[in-house]
Structure formats: C-alpha cells, structure tokens
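Colleague: I have just opened this one and would like to talk it through with you. Could you take my questions in turn and show me how you get to each answer?

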Amino acid sequence: MELLEQILSNQNMNEAYLRVYKNKGASGVDGVTVNELKQYLKENKDELRQRIRTRKYQPQAALRVEIPKENGKVRKLGIPTVVDRVVQQAIHQVLSPIFEKQFIEFSYGFRPKRSCEMAIIKSLEFLNDGYDWIVDIDLERFFDTVHHDKLMRIIANTINDGDVISLIRKYLVSGVMVNGNYEETPVGTPQGGNLTVCDLFPPSS
C-alpha cells in the first residue's frame with residue numbers, strides 16, 4: 001500500500017480522530033470544536049480524502065496564540081483547525097515509526113515512550129560513570145526559523161511519496177491568523193499542532 005493510502009486508511013484516520021478528540025483543545029480559525037468533529041467527518045470524510053488524493057486539499061491557516069514564558073518573552077503557538085489536526089495526526093502516526101528508527105540511542109525529546117525524566121536518569125548514570133559535565137543547550141526560536149526547502153529535502157531522503165511530501169509542505173506554508181489578519185509563513189514550523197519538525201526528522205540529522 002502506498003504511503004498516502006496508509007495515512008488515509010479507515011483504521012489510521014479513525015485512530016487519528018480518537019486521538020484528537022481525546023486531547024480536546026481549542027478550536028481553530030473556523031470555530032469548529034472537537035465535539036462537532038465526529039459529525040463533520042461522517043458527512044465529509046470521503047470528500048476530504050479525495051481532495052487530499054488529488055492534491056486539492058488546502059489546510060486552513062493556524063490560529064496564532066502567544067503564551068507568556070518565564071523570561072518575559074512569549075512562545076508563539078499555532079492552533080490548527082480540528083480537521084487539520086486529524087489529518088496531521090494521521091500523517092504523524094504513519095511517519096513517526098519510520099523516522100523513529102533514525103534517532104540516536106540517547107535522544108529523548110518528542111519520542112514515544114521516552115521523557116525528560118528518563119534523560120535525567122541517563123545523565124545521572126553518566127555522572128556515576130565518571131563524567132563531569134552536563135551541557136544544557138536551547139536553540140532560541142528554532143521552530144520559528146526552520147528553512148522549508150532544507151527540511152523538505154531531509155524528509156524526501158526517507159519519504160519517497162510525492163503526494164505526502166506535497167501535503168506536508170502545504171502545512172508549512174498555510175500561514176497563521178493574527179488578530180484577524182492573515183500572515184504568510186515562508187519559514188518556520190508551527191508549534192501547537194500534531195505535526196511538527198520534531199516528528200519528521202531526528203536531531204542526529
């Protein structure tokens with residue numbers, strides 16, 4: 001089965017819907033809630049999948065929300081519509097196991113069945129083994145500055161499906177709504193959806 005058809009399969013889409021419904025969350029720019037999602041998908045699932053297959057599907061802009069940080073700055077989040085969240089989750093469920101194999105052993109961020117606590121425990125094990133330093137590095141505004149073409153080249157090294165590549169790029173350039181005004185997103189990846197750069201390629205790349 002082609003990769004896109006795996007993403008659009010009944011089982012995968014149903015699992016994606018259940019995950020989005022379970023996670024709840026705010027509505028996107030169209031105002032549709034997670035409680036209204038089931039009925040929408042019942043009425044529109046066939047059309048939705050056909051539009052994706054024919055590359056006519058266009059994700060809606062994400063709703064920009066700013067979350068205050070402890071240092072006085074803000075973290076910019078993009079809230080996709082609930083329908084876009086289902087599609088993103090469906091993509092994530094198929095691609096994540098593929099890219100998971102490429103992560104280095106000691107990578108813990110954004111990985112299934114791994115956590116910050118596990119990373120701390122591993123660091124303590126290294127200290128007990130005689131290592132003296134732990135280096136904490138935070139890449140400032142990393143998500144805001146990801147170069148789209150470079151990201152897509154990295155993804156295309158593993159994913160050989162033009163339809164899937166096209167769909168991912170559409171999410172990258174779908175833009176954001178800020179105070180009712182549309183803004184393009186020529187660089188960066190939105191934080192807040194089910195599909196982020198961390199799901200698509202490993203830090204070791």
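**Loops, bridges and hollows**

Modeller: Let us begin in the loop between helix 3 and strand 1, where arginine 55 is found. Do keep in mind that this is a predicted model.

Colleague: Happy to start there. What is the phi of arginine 55?

Modeller: Arginine 55 is partly exposed, with a relative accessible area of 42%. Arginine 55 is not a glycine, and yet its phi is positive, at about 60°.

Colleague: And lysine 113, is that residue buried or exposed?

Modeller: Lysine 113 sits in the loop between helix 4 and helix 5, and although it is not a glycine, it has a positive phi of about 60°. Its relative accessible area is 82%. Since the cut-off for the upper class is over 50%, lysine 113 counts as exposed.

Colleague: Now the charged pairs. How many salt bridges does the structure hold?

Modeller: Side chains of opposite charge can pair when their charged atoms come close. Counting such pairs over this predicted model, the structure holds a total of seven.

Colleague: Let us take one of them. Which residue forms a salt bridge with arginine 53?

Modeller: The closest N and O atoms of this pair are 2.9 Å apart, and the partner of arginine 53 is glutamate 5. The pair links distant parts of the chain, 48 residues apart, with arginine 53 in helix 3 (residues 34-53) and its partner in helix 1 (residues 3-8). Both ends are partly exposed, with a relative accessible area of 33% for arginine 53 and 25% for the partner, glutamate 5.

Colleague: What about glutamate 100: how far apart are the closest N and O atoms in its salt bridge with arginine 111?

Modeller: The pair forms a salt bridge, the closest N and O atoms being 2.6 Å apart. Glutamate 100 belongs to helix 4 (residues 82-100), while arginine 111 lies 11 residues away in the loop between helix 4 and helix 5 (116-128). Arginine 111 has a relative accessible area of 9% and is buried. So the N to O distance, well within the 4 Å cut-off of the definition, is 2.6 Å.

Colleague: Which residue meets arginine 169 in a salt bridge?

Modeller: The N to O distance is 3.1 Å, and the partner is aspartate 149. Arginine 169 is in helix 7 (residues 162-172) and the partner in helix 6 (residues 148-156), 20 residues apart, so to speak two distant parts of the chain. Arginine 169 is partly exposed at 30% relative accessibility, as is, at 37%, aspartate 149.

Colleague: Turning to helix 2, which of its residues are buried?

Modeller: The 14 residues of helix 2 (residues 10-23) should span 20 Å at 1.5 Å a residue, and this agrees with its end C-alpha atoms, which are 20 Å apart. The face turned away from the buried side carries the exposed residues Gln11, Leu18 and Lys22. The buried residues are Asn12, Met13, Ala16, Tyr17 and Val20. Seen down the axis, these fall within an arc of 135°, so they line one face of helix 2.

Colleague: Next, empty space. Which element gives the most to the lining of the second largest cavity?

Modeller: Two cavities of 30 Å³ or more turn up in a search of the whole structure, and the second largest holds about 40 Å³ of space. Its lining divides into three nonpolar, one polar and five charged residues, with Arg55 and Lys170 among them. With four residues, the element that gives the most is helix 7.

Colleague: And which element supplies the largest share of the lining of the second largest pocket?

Modeller: About 320 Å³ of space lies in that pocket, and of its 22 lining residues the closest to the centre are Arg64, Asp144, Val176, Thr185 and Val187. The lining divides into nine nonpolar, seven polar and six charged residues. Strand 1 (62-68), strand 2 (74-79) and helix 7 each supply at least two. The largest share, three residues, comes from strand 2.

Methods:
Residues numbered from 1 in each chain as written. Predicted model: local features only at pLDDT ≥ 70, side-chain atom pairs only at ≥ 80, totals over all residues. Heavy atoms only, no water. Salt bridge = Lys/Arg side-chain N within 4 Å of Asp/Glu carboxyl O. Buried < 20%, exposed > 50% of the residue type's maximum accessible area, 1.4 Å probe, protein only. 1 Å grid on protein atoms, 1.4 Å probe; cavity = no way out; pocket = protein on both sides within 12 Å on 5 of 7 lines; lining within 4 Å. Points joined across faces, edges and corners; volume = space filled by probe spheres on them. Nonpolar A, V, L, I, M, F, W, Y, C, P; charged D, E, K, R; others polar. Expected span 1.5 Å × (residues − 1). Arc of directions from axis to C-beta.
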